[in-house]
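Student: I have a structure in front of me and would like to learn how to read it. Could you walk me through some of its features?

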Amino acid sequence: MRRDWQRHRLSQDGVAEAAEDLLSKGFRLGLVAAHDDDAAFRVVYLFLAGRPDRRVELECLVPRNDPEVRSLAYLSFAAGRFEREMADLYGMRLVGHPKARRLVRHAHWPEDWHPMRRDASPAPEFGGTGRFPFVTVEGPGVYEIPVGPVHAGLIEPGHFRFSVAGETVLRLKARLWFVHRGLEKLFEGRTAGGAVDLAERVSGDTSVAHALAHCLAVEDALGVELPDEAHRLRAMLVELERLYNHVADLGALANDVGFALAHAHTQRVREQLLRLNAAVTGHRLLRGAIRPGAIALQELPDVAVLRSVAADVAEIADLTLRNTVVYDRFAGTAVLHPEDAHALGCLGYVARASGMRTDARVEHAATALPVTEIGADAGDVLARYTVRRDEFAASTELACHLIESHTGPTEHAVTSTSPRHPRSGIGIVEGWRGTVVHRVEIDARDRITRSKIVDPSWFNWPALPVAMADTIVPDFPLANKSFNQSYAGNDL
């Protein structure tokens, strides 16, 4: 689809002025990507707006011998976090940042090792764990509860420090990046068509959305254009991914307040959907179907099965919310107010449950889709539950529409390219958690020189501690599950 994409190379002061202007016009900051170009560092700021699709890149050079970057944290909370990540991985100094302490690099990382630089040495031997400078909340009756980073079960590591009075949370600090994988570094040097397997593993439960965002970025960079039928088949897979994840969350939320029966039934439904995924693509998590310039399905899903599953889920959700104990635990718990969601730049069902209107299927569509937009205003656990419930029904109908309107083959492959300069591309997809953004740069040998990845969890994790204020400690597992952000998607 036609889109407005502008690129501007500016001074750092020029970037700040342009960023302020774009944010005042309703754009949001989609990503900040640093690049090591040997002679100098280069920083790219991507601003996005929808309805219609608009993309603006602001780019500035940073001298290698004096790598100072003017902070935009005063304009955007998200900018401040992107800058801290950039400082950790590239060794840039942030000028004017209100909290320029480490973000990604834990205390045991060597002080002068910045792994995204081209001249970075192999990973050195790490020292002790060190201490993280948590803010201590003091006062009569206030005490701290540390949780993690190792947790029961199979979830990935994250440290949560509660400052509480009685059972009421006064302040929560979340510390992540315990499993930082250097994933963006692994993309460097891969062929343009040979990195989608990495994209599928950015966050395993979002394999399709990340694979598609990566492929759209590569296709954008190489000038590859797919027919509308291929884009619609890809969109159908994204909806199938939304279905099996949403139904799992509906059950897990019920289970967190002791309604195990609903959880058992949603696990039964999830298994049905995973088997359907395997029949459609050959993989339960829908991997292997999407490649740069290509889509290949084994078969189309049976719409009768999908509609039967949707009716089943609607009944499970109805029984769940008719349970007064469940409803009372959900309603009014862990409220994320609309102004906080907007200030933090939240995405996906977290944002939509707090009154924000955001959906990349409408704002940055690769093909026109009859999307039913879902929303709520309360911003509590109940709102995040009902948004998922309603999105399940809407996604089922969208997937059925795409299946029933499809004609022709279920495989497409396009190899011809239209040379473009510069060879960079952007891919934007509305994954089940929210908007996924990939940006790639490709050299003359068709090899990836830089891949920047932003999972919606990057934007939504900071909202969890905000929502936990004045919530009781026993409700943390429920609140956490109502956000259900990806550790892996954050800890790239």
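Tutor: Gladly! Let's begin with helix H1 (residues 12–24), which lies across E2, E3 and E4 and runs at about 160° to E4. Keep in mind that this is a predicted model.

Student: Thanks. How do I read the strands beneath that helix: in what order do they form the sheet?

Tutor: As a general idea, strands of a sheet pair through backbone hydrogen bonds, either parallel or antiparallel. Here, 4 strands make an open sheet with mixed pairing, in the order E1-E4-E3-E2. Strand E1 (4–9) and strand E2 (28–36) are the edge strands, each pairing on one side only. From one strand to the next, the twist averages 15°.

Student: And in which sense do E3 and E4 pair?

Tutor: E3 and E4 pair in the antiparallel sense, over 10 bridges. To see one of these pairings, find Tyr45: its bridge partner in E4 is Leu58.

Student: Which residues have the most contacts inside the largest nonpolar core?

Tutor: The general idea first: in soluble globular proteins, nonpolar side chains tend to be buried together. In this model the largest nonpolar core has 156 residues, and those with the most contacts inside it include Tyr45, Phe82 and Leu237. Helix H6 (residues 228–255) gives the most to this core, with 13 residues.

Student: Let me zoom in on Phe82. Which residues does Phe82 touch, not counting those up to four places away in sequence?

Tutor: Among them are Leu29, Leu31 and Val32, and also Lys452, Val454, Trp458 and Phe459.

Student: Now the backbone. What is there to look for in phi and in the peptide bonds?

Tutor: Most residues other than glycine have a negative phi, and most peptide bonds are trans. Against that background, look at Arg51: it has a positive phi of about 55° although it is not a glycine. A cis peptide bond also joins Arg51 and Pro52, with omega about 5°. Arg51 is found in the loop between E3 and E4, and Pro52 is found in the loop between strand E3 (40–49) and E4.

Student: Is Arg51 buried, partly exposed or exposed, and why?

Tutor: Arg51 counts as partly exposed because its relative accessibility is 31%.

Student: Where else can I find a cis peptide bond or a positive phi?

Tutor: The peptide bond from Gly148 to Pro149 is cis, with omega near 15°. Pro149 is in the loop between strand E7 (142–147) and strand E8 (159–165). For a positive phi, turn to Asp470, with a value of about 70° although it is not a glycine. Asp470 lies in the loop between helix H15 (463–468) and helix H16 (476–483). Its relative accessible area is 66%, so Asp470 is exposed.

Student: What about Arg55: buried or exposed, and why?

Tutor: Arg55 counts as buried because its relative accessibility is 2%, and the cut-off for buried is under 20%. You will find Arg55 in strand E4 (residues 54–63). The side chain of Arg55 makes a polar contact with the side chain of Asp53, at 2.9 Å.

Student: Finally, which residues does UniProt list for a domain?

Tutor: An unreviewed UniProt entry lists residues 256–411 as "domain: NADH-quinone oxidoreductase subunit D". In this model, that span is 57% helix and 4% strand, and its end C-alpha atoms lie 42 Å apart.

Methods:
Residues are numbered from 1 along each chain as its sequence is written. This is a predicted model: local features need pLDDT of at least 70, side-chain atom pairs count only at pLDDT 80 or more; totals for chains, interfaces and linings use all residues. Side-chain values use heavy atoms; hydrogens and water are left out. Helices (H or I, at least four residues) and strands (E, at least two) are DSSP runs, numbered from the N terminus. Buried means under 20% relative accessible area, exposed over 50%, partly exposed in between (1.4 Å probe, protein chains only). A polar contact is a pair of N or O atoms within 3.5 Å; within protein, one must be able to donate a hydrogen and the other to accept it, and residues adjacent in sequence count only if both atoms are side-chain atoms. UniProt positions are given in the numbering used here, feature names are shortened, and annotations may be inferred rather than shown by experiment. A nonpolar core is a set of buried Ala, Val, Leu, Ile, Met, Phe, Trp, Tyr and Cys residues joined through side-chain atoms within 4.5 Å. Contact means heavy atoms within 4.5 Å. Two strands pair if DSSP finds at least two bridges between them. Axes are lines fitted to C-alpha atoms, for helices over the stretch in contact, and angles run from 0 to 180 degrees between N-to-C directions.
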